[in-house]
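Ready for a few warm-up exercises? Have a look at what is shown below, try each task yourself, then read the solution.

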Amino acid sequence: DRVLPLDGVNILITAGPTREPVDPVRYFSNHSSGKMGYAIAEEASLLGAKVTLISGPTNLQPPQTVQTIFVESAQQMYDEVMTHYPATNVVIKSAAVADYRPKKVSATKMKKHVDTLNIEMERTTDILKELGQNKTHQLLVGFAAETNSVEEYALKKLKAKNLDLIVANNVTTEGAGFGTDTNIVTIYDRNEGKVELPLMSKREVARKLLDRITHLLKGVNLK
Ligand code: PMT
């Protein structure tokens with residue numbers, strides 16, 4: 001039998017947005033379509049990996065060869081990621097997780113009593129940071145969605161979250177970021193080495209990223 005490059009590797013991938021409820025009919029969210037994360041899940045599976053995809057709400061068909069778990073809020077995503085983390089070799093966090101959620105969730109639909117509505121928000125748990133702090137043998141790959149000072153912020157996140165790789169995209173550039181079938185990314189590693197990729201399909205970005213991961217996994221004892 002032909003051995004595929006990611007045979008025997010457990011990869012956990014997060015994709016899509018989260019939804020943070022305000023009341024039973026409203027939520028805060030963002031523009032993530034899930035395309036980037038689903039592309040990584042499909043490619044990883046083709047390369048032989050055992051893939052668990054933890055997905056926020058999207059309109060995409062989950063790949064049949066991956067185990068997909070659907071979540072809505074950042075807290076639910078956190079819970080699922082933590083459950084699977086110990087048995088995972090590689091985590092790729094392409095999801096756009098909400099940084100804040102409404103502090104109080106109204107049990108009934110909010111009425112329009114006031115002209116100006118103030119909603120108090122609190123921080124969600126930074127899932128990736130938590131993973132970085134509890135890293136035992138895992139390879140951790142984050143994404144950085146930036147609108148300015150891309151390299152500076154990406155490198156800060158790489159260090160602060162104890163990552164092995166970070167994939168930076170400037171989400172204000174045409175053809176990159178949210179919703180598109182293409183992306184323009186730079187992949188940074190721990191030693192500040194970087195690979196700048198031109199505009200390509202999200203599938204091709206996924207493939208380049210997984211090639212990099214395959215390379216890093218050489219010499220790592222999988223358990
Ligand atoms: O889904 P698409 O439409 O295809 O769009 C792709 C994308 C733009 C969403 C994707 O390429 C991307 O950049 N994903 C990361 C989006 C993001 O939330 O980036 P950030 O810079 O805010 O967060 C940095 C990292 O921390 C991310 O890996 C994120 O998953 C993680 N994070 C953030 C907040 C939080 N509470 N927990 C986290 O784990």
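**Exercise 1.** Find out which element supplies the largest share of the shell around the ligand.

*Solution.* Keep in mind that this is a predicted model. Start with the shell itself: 27 residues surround the ligand, and the closest are Ser33, Lys35, Ile127, Leu128 and Phe143. Next, look for elements that give at least two residues each: these are helix 1 (35-46), helix 3 (127-133) and strand 9 (139-146). The largest share comes from strand 9, with four residues. Finally, sort the shell by type: twelve residues are nonpolar, ten polar and five charged.

**Exercise 2.** Work out which strands pair with strand 4, and in what sense.

*Solution.* Take strand 1 (residues 10-15) to begin with: six bridges join it to strand 4, and the two run parallel. You can check the register at Thr14, which sits opposite Ile54 of strand 4. Then turn to strand 5 (residues 67-70), which pairs with strand 4 over four bridges, also in the parallel sense. Here Ser55 faces Phe70 of strand 5.

**Exercise 3.** Explain why strand 4 is largely enclosed by the rest of the structure.

*Solution.* Go through residues 50-55: five of these six are buried, so strand 4 is largely enclosed.

**Exercise 4.** Decide whether Thr173 is buried, partly exposed or exposed.

*Solution.* First locate Thr173: the loop between strand 10 (165-170) and strand 11 (182-183) holds it. Now count neighbours: 14 other C-beta atoms lie within 10 Å of Thr173. Buried needs 20 or more, and exposed needs 12 or fewer, so Thr173 is partly exposed.

Key: Residues are numbered from 1 along each chain as its sequence is written. This is a predicted model: local features need pLDDT of at least 70, side-chain atom pairs count only at pLDDT 80 or more; totals for chains, interfaces and linings use all residues. A residue is near a molecule or strand if its C-beta atom, placed from the backbone, lies within 6 Å of it. Ala, Val, Leu, Ile, Met, Phe, Trp, Tyr, Cys and Pro count as nonpolar, Asp, Glu, Lys and Arg as charged, and the others, Gly among them, as polar. Two strands pair if DSSP finds at least two bridges between them.
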